Amino acid sequence: PANLGDRPYFGPLRAGAESALAPMLLGRFSPVWFFSYARAIRDAQGTLQGVVLASMHADEFQRFQRALGLGPGGRVGLFRLPDGAPLMLYPLP
């Protein structure tokens, strides 16, 4: 078992947000960069009961970058508004 309660998407969900877009993270169980969209599961009183998480791994983003035809020096970034946190960068950090 693992506790992922310290991941950045939990804070906004605990504070009442229905969803959160988490910045780029390195996986704990495998060294894979990803970003994620989290949606809260709440009980009838609004208490957070769980999280549904959808993520995009760096290899999928790399395929997107290559399809743009920018060449080997091409750089692509996806950033969250309004704070500018990087959701995904290629090349990877």
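Start with the whole chain in view: of the 93 residues of the protein, 30% count as buried, and since the coordinates come from a predicted model, every value in this tour is computed from that model. With the C-alpha trace displayed alone, the protein spans about 50 × 30 × 20 Å along its principal axes. Switch to a cartoon, and two helices and five strands appear, which follow one another from the N terminus in the order α-β-β-β-α-β-β.

**The three-stranded sheet**

Select β1 (19–26), β2 (residues 33–42) and β3 (residues 48–57), and an open sheet of three strands comes up, ordered β1-β2-β3 and paired in the antiparallel sense. Strands β1 and β3 stand at the edges with a single partner strand each, so one side of each is left without a neighbour in the sheet. Looking across the sheet, you can follow a twist that averages 25 degrees from one strand to the next.

Next, keep only β2 and β3, whose antiparallel pairing extends over nine bridges. Strands of a sheet pair through backbone hydrogen bonds, either parallel or antiparallel, and it is therefore useful to show backbone atoms here. Which residue of β3 is the bridge partner of Y37? Label A54, which takes that place, and then move to A40, which stands opposite V51 in β3. The hairpin that joins β2 and β3 has five residues between the strands, and among them G46 takes a positive phi near 90 degrees.

**The aromatic pairs**

Now show the aromatic side chains; a search of the whole structure finds two aromatic pairs. The rings of Y9 and F10 have their centres 5.1 Å apart and their planes at 35 degrees, so this pair is tilted. Are these two residues buried or exposed? Y9 is buried, with a relative accessible area of 5%, and F10 is buried as well, with a relative accessible area of 16%, because the cut-off for buried is under 20%.

The other pair is made by F61 and F64, which is also tilted, at 5.7 Å centre to centre and with 45 degrees between the planes. Select helix α2 (residues 58–67) to find F64; F61 and F64 both lie in helix α2, three residues apart, which is about one turn of the helix. With a surface shown, the two rings can be told apart by their cover: F61 counts as buried at 5% relative accessibility, whereas F64 is partly exposed, with a relative accessible area of 42%.

**The nonpolar patch**

Stay with F64 and add L68 and L70 to the selection, since these three residues form a nonpolar patch on the surface, with about 280 Å² of accessible area together. F64 thus belongs both to the aromatic pair with F61 and to this patch.

**The cis peptide bonds**

Finally, move on to the C-terminal part of the chain and show the backbone around two prolines. Where does P82 lie? P82 is in the loop between β4 (76–79) and β5 (86–90), and a cis peptide bond with omega of about 10 degrees joins L81 to P82. Then go to the segment after β5, where P91 has its place; here a cis peptide bond joins Y90 and P91, with omega of about 5 degrees.

Key: Residues numbered from 1 in each chain as written. Predicted model: local features only at pLDDT ≥ 70, side-chain atom pairs only at ≥ 80, totals over all residues. Heavy atoms only, no water. Pairing = 2+ DSSP bridges. Helix = DSSP H or I, 4+ residues; strand = E, 2+ residues; numbered from the N terminus. Patch = residues over 30% accessible without salt bridge, like charges linked within 9 Å, V, L, I, M, F, W, Y side chains within 5 Å. Areas by Shrake-Rupley, 256 points an atom, 1.4 Å probe, with all protein chains shown as cover. Salt bridge = Lys/Arg side-chain N within 4 Å of Asp/Glu carboxyl O. Phe/Tyr/Trp six-rings, centres within 6.5 Å; stacked < 30°, edge-to-face > 60°. Buried < 20%, exposed > 50% of the residue type's maximum accessible area, 1.4 Å probe, protein only. Axes fitted to C-alpha atoms, helices over the stretch in contact; angles between N-to-C directions.
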